[in-house]
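Q: Please take a close look at one part of this structure, for someone who has not seen it before. Which part is worth describing in detail, and what surrounds it?

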Amino acid sequence: GTDVFCAMVQRPALAAVDDRALVAVMGNVHRYGDRRMPLPGVVGMVAAAASAVLAAVAGRWAQAIPAATAVALLLVWLVLYIRISAPINRQLTAASRSCEVPSNARALQENWDRIIDARAVIQGLAVTGLCLALMM
């Protein structure tokens with residue numbers, strides 16, 4: 001849900017503000033988000049993995065396959081986050097804390113935005129896989 005919101009609402013809203021506002025808002029969003037969101041992320045990953053493992057152990061392959069696919073998709077999402085989003089988050093957070101506007105602030109946000117659609121789709125597909133596992 002968060003990535004869909006970012007793709008549909010946050011990205012166009014940030015395009016309409018100046019660089020100082022962009023750094024202040026996104027730096028603070030990432031400051032809080034990067035501290036608070038790992039817990040629900042870990043819980044979701046563990047629950048998805050447990051669903052896949054338990055279904056496989058029970059021999060319920062029709063449920064295990066979409067659940068395992070969801071886990072794989074969540075791992076892809078995590079790689080995108082760690083390699084692309086998190087470093088940008090740290091730069092914007094540091095700039096916001098020091099009340100500085102880096103000369104590449106807009107480029108940083110554009111690089112972050114570049115993968116938000118993919119992140120939203122990946123999470124949506126993972127949820128779909130888990131829903132399929134429940135419905136079968």
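A: The part taken here is the largest pocket, which has a volume of about 920 Å³. Its lining counts 33 residues, and those closest to the centre of the pocket are Met37, Gly41, Trp77, Arg119 and Gln123. Sorted by class, the lining residues of this pocket comprise 20 nonpolar, ten polar and three charged ones. At least two lining residues come from each of helix 1 (2-15), helix 2 (19-36), helix 3 (38-57), helix 4 and helix 6 (116-135).

The model is a predicted one. Its protein chain has six helices and zero strands, and along the sequence the pattern reads α-α-α-α-α-α. The C-alpha trace of the protein chain spans about 55 × 25 × 20 Å along its principal axes.

Two of the helices that supply lining residues, helix 4 and helix 6, also pack against each other. A packed pair of helices is described by the angle between the two axes and by the distance between them. For helix 4 and helix 6 the angle is about 160° and the axes lie 8 Å apart. Because an angle over 145 degrees counts as roughly antiparallel, helix 4 is roughly antiparallel to helix 6. The crossing of these two helices is left-handed.

On the helix 4 side, the contact with helix 6 is made by Gln63, Pro66, Ala67, Ala70, Leu73, Leu74, Val76, Trp77, Leu80, Tyr81 and Ser85. On the helix 6 side, the residues are Arg119, Ile122, Gln123, Leu125, Ala126, Gly129, Leu130, Leu132 and Ala133. By class, this contact has 15 nonpolar, four polar and one charged residues. Trp77, Arg119 and Gln123 take part in the contact, and these three are also among the residues closest to the centre of the pocket.

Helix 2 and helix 3, which likewise supply lining residues, form another pair. Their axes come within 5 Å and cross at roughly 40°, which means that helix 2 is oblique to helix 3. Here Gly33, Asp34, Arg35 and Arg36 of helix 2 meet Pro38, Leu39 and Pro40 of helix 3. The contact residues of this pair divide into three nonpolar, one polar and three charged.

Helix 4 (residues 61-97) has a further partner in helix 5 (residues 105-114): the two pack at an angle of about 150°, with their axes 9 Å apart. Helix 4 is therefore roughly antiparallel to helix 5, and this crossing too is left-handed. From helix 4, the contact takes in Ile84, Ser85, Ile88, Asn89, Gln91 and Leu92, and from helix 5 it takes in Leu108, Gln109, Asn111, Trp112 and Arg114. The residues of this contact divide into five nonpolar, five polar and one charged. Ser85 of helix 4 appears in the contact with helix 5 and in the contact with helix 6.

Key
Residues numbered from 1 in each chain as written. Predicted model: local features only at pLDDT ≥ 70, side-chain atom pairs only at ≥ 80, totals over all residues. Heavy atoms only, no water. Axes fitted to C-alpha atoms, helices over the stretch in contact; angles between N-to-C directions. Helix = DSSP H or I, 4+ residues; strand = E, 2+ residues; numbered from the N terminus. Parallel < 35°, antiparallel > 145°, perpendicular 65-115°, else oblique. Left-handed = near helix turned anticlockwise from the far one by under 90°. Contact = heavy atoms within 4.5 Å. Nonpolar A, V, L, I, M, F, W, Y, C, P; charged D, E, K, R; others polar. 1 Å grid on protein atoms, 1.4 Å probe; cavity = no way out; pocket = protein on both sides within 12 Å on 5 of 7 lines; lining within 4 Å. Points joined across faces, edges and corners; volume = space filled by probe spheres on them.
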